[in-house]
Amino acid sequence: MATTPISEDEFRAIRDLIREKFGIYYDDSKQFLLQSRLQTRLIKRSVPDFASYVRFLQTDSEREAEYSELASVLSNNETYFFRERAQLDILAKDVVEDHYRHGGGVLKIWSAACSTGEEPFSLAMMLLEGRRVPPSAFSIAATDISPRALERCATAFYRELSFRATEPEVVQKYFKPFQEGFLISDDVKRLVTFSRLNLLDEKAVAGMGKLDAIFCRNVLIYFDKPTQKKVVQAFATALRPGGFLFLGHAESIIRLTDAYEPVVTPKAIYYRLKNAN
Ligand SMILES: C[S@@+](CC[C@H](N)C(=O)[O-])C[C@H]1O[C@@H](n2cnc3c(N)ncnc32)[C@H](O)[C@@H]1O
């Protein structure tokens, strides 16, 4: 099958629409990557070339459905259980202690780009293992923009690659073997609520609050600086004062906003919303 060519103008038009919609930014070096990722979309929509596809995204009555598909096709869903473990230890200890220092109640956590679910289920297992907060006293919301990733969350079925950082005892305790992989136990599954949310939707982000902690790891790297800034500023509206923000280790908000205080520990960096009591 011949590859449909894309001109520079078509590439720029599509990447601007994608950036506006999801924040994901394809710089000039990614033209061929985008071209190849979109080949099947042209076939699915029966459009003959990229000029027609640009028009489809701009004006077709089914364009929102197409953007939804694009969110699945274009997102990198790489993730695994207990990724960046040091931050999860901080959740189980420091976030929990701080929560009780501030009067307790329900501990509210948000996994803000949860991909296929390994991150929020890891948060739930950390809290269960920590045994300091009863399951009835914490809530974990998990969101992503990709409908396909969210479908995978709903099945809660995982293969070997997802367990590359998981201790065998944990697999035994919280998973049951199924076909060539594992299903997460119902006791963990019921602790996480999944829904679709675009991080660029500031109203939806504010509507998540007031949270004790946000995990938004390994997604800001796909955004350009203005979008990163917009997202971390929106997080400030969803966190309680002193709330915790965890990013991926290749991500930083220094120079984007001064709303947060960075906290550097020997093994991890995280941020706290200023105005802590
Ligand atoms: C590499 S995964 C990170 C998964 C997990 N947080 C981790 O660190 O292992 C990035 C996720 O960000 C999601 N994403 C990309 N743009 C988004 C947006 N605008 N709103 C919400 N999620 C987005 C993708 O669909 C993908 O599942």
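# Exercises on strands, helices and domains

In this predicted model, Phe157 stands opposite Leu183 of strand β5.

## Exercise 1: the three-stranded sheet

Work out the strand order of the open sheet of three strands, and find which strands stand at its edges.

**Solution.**

Step 1. Take β3 (residues 157-158) and β5 (residues 181-184): these strands run antiparallel and are joined by two bridges. Besides the pair of Phe157 and Leu183, Tyr158 has Phe182 as its bridge partner in β5.

Step 2. Take β4 (residues 175-178) with β5: four bridges join these strands, again antiparallel. Lys176 is the bridge partner of Leu183, and Phe178 is the bridge partner of Gly181. Leu183 therefore has a partner in β3, Phe157, and another in β4, Lys176.

Step 3. Put the pairs together. The order is β3-β5-β4, with antiparallel pairing. β3 and β4 are the edge strands: each has a single partner strand, so one side of each has no neighbour in the sheet.

Step 4. Look at the turn. The hairpin of β4 and β5 has two residues between the strands, and Gln179 takes a positive phi near 45° there.

## Exercise 2: the seven-stranded sheet

Give the strand order of the open sheet of seven strands, name its edges, and say which helices lie on it.

**Solution.**

Step 1. The order is β6-β2-β1-β7-β8-β10-β9, and the pairing is mixed.

Step 2. The edges are β6 (192-196) and β9 (260-264); each has a single partner strand, so one side of each is left without a neighbour in the sheet.

Step 3. From one strand to the next, the twist averages 20°.

Step 4. For an example of a pair, take β8 (residues 239-247) and β10 (residues 269-273), which are antiparallel over two bridges. Here Phe244 has Arg272 of β10 as its bridge partner.

Step 5. Add the helices. α6 packs on the sheet and touches β1 (107-111), β2 (138-144), β6 and β7 (211-216). The direction of α6 makes about 170° with that of β2. Helix α7 (residues 147-155) lies across β2 and β6, and runs at about 160° to β6.

## Exercise 3: two packed helices

Describe how α5 and α6 pack, and list the residues that make the contact.

**Solution.**

Step 1. Helix α5 (residues 85-101) packs on helix α6 (residues 118-130) at an angle of about 55°, and their axes are 9 Å apart.

Step 2. With that angle, α5 is oblique to α6. The crossing is right-handed.

Step 3. On the α5 side the contact residues are Leu88, Leu91, Ala92 and Val96. On the α6 side they are Ser122, Leu123, Met126, Leu127 and Gly130.

Step 4. Sort them by class: seven are nonpolar, two are polar and none is charged.

## Exercise 4: two domains

How many residues of domain 1 are in contact with domain 2, and which elements of domain 1 give two or more of them?

**Solution.**

Step 1. The protein is divided into domain 1 (8-74) and domain 2 (85-273). Their centres, taken over C-alpha atoms, are separated by 29 Å.

Step 2. Eight residues of domain 1 are in contact with 11 residues of domain 2.

Step 3. On the side of domain 1 that touches domain 2, the elements that give two or more residues are α1 (8-22) and α4 (63-74). α4 gives the most, with three residues.

Step 4. By class, this side of domain 1 has four nonpolar, three polar and one charged residues.

Notes:
Residues are numbered from 1 along each chain as its sequence is written. This is a predicted model: local features need pLDDT of at least 70, side-chain atom pairs count only at pLDDT 80 or more; totals for chains, interfaces and linings use all residues. Axes are lines fitted to C-alpha atoms, for helices over the stretch in contact, and angles run from 0 to 180 degrees between N-to-C directions. Angles under 35 degrees count as roughly parallel, over 145 as roughly antiparallel, 65 to 115 as roughly perpendicular and the rest as oblique. A crossing is left-handed if the near helix is turned anticlockwise from the far one by less than a right angle, and right-handed if clockwise. Ala, Val, Leu, Ile, Met, Phe, Trp, Tyr, Cys and Pro count as nonpolar, Asp, Glu, Lys and Arg as charged, and the others, Gly among them, as polar. Domain bounds come from an automatic or database domain assignment. Two strands pair if DSSP finds at least two bridges between them.
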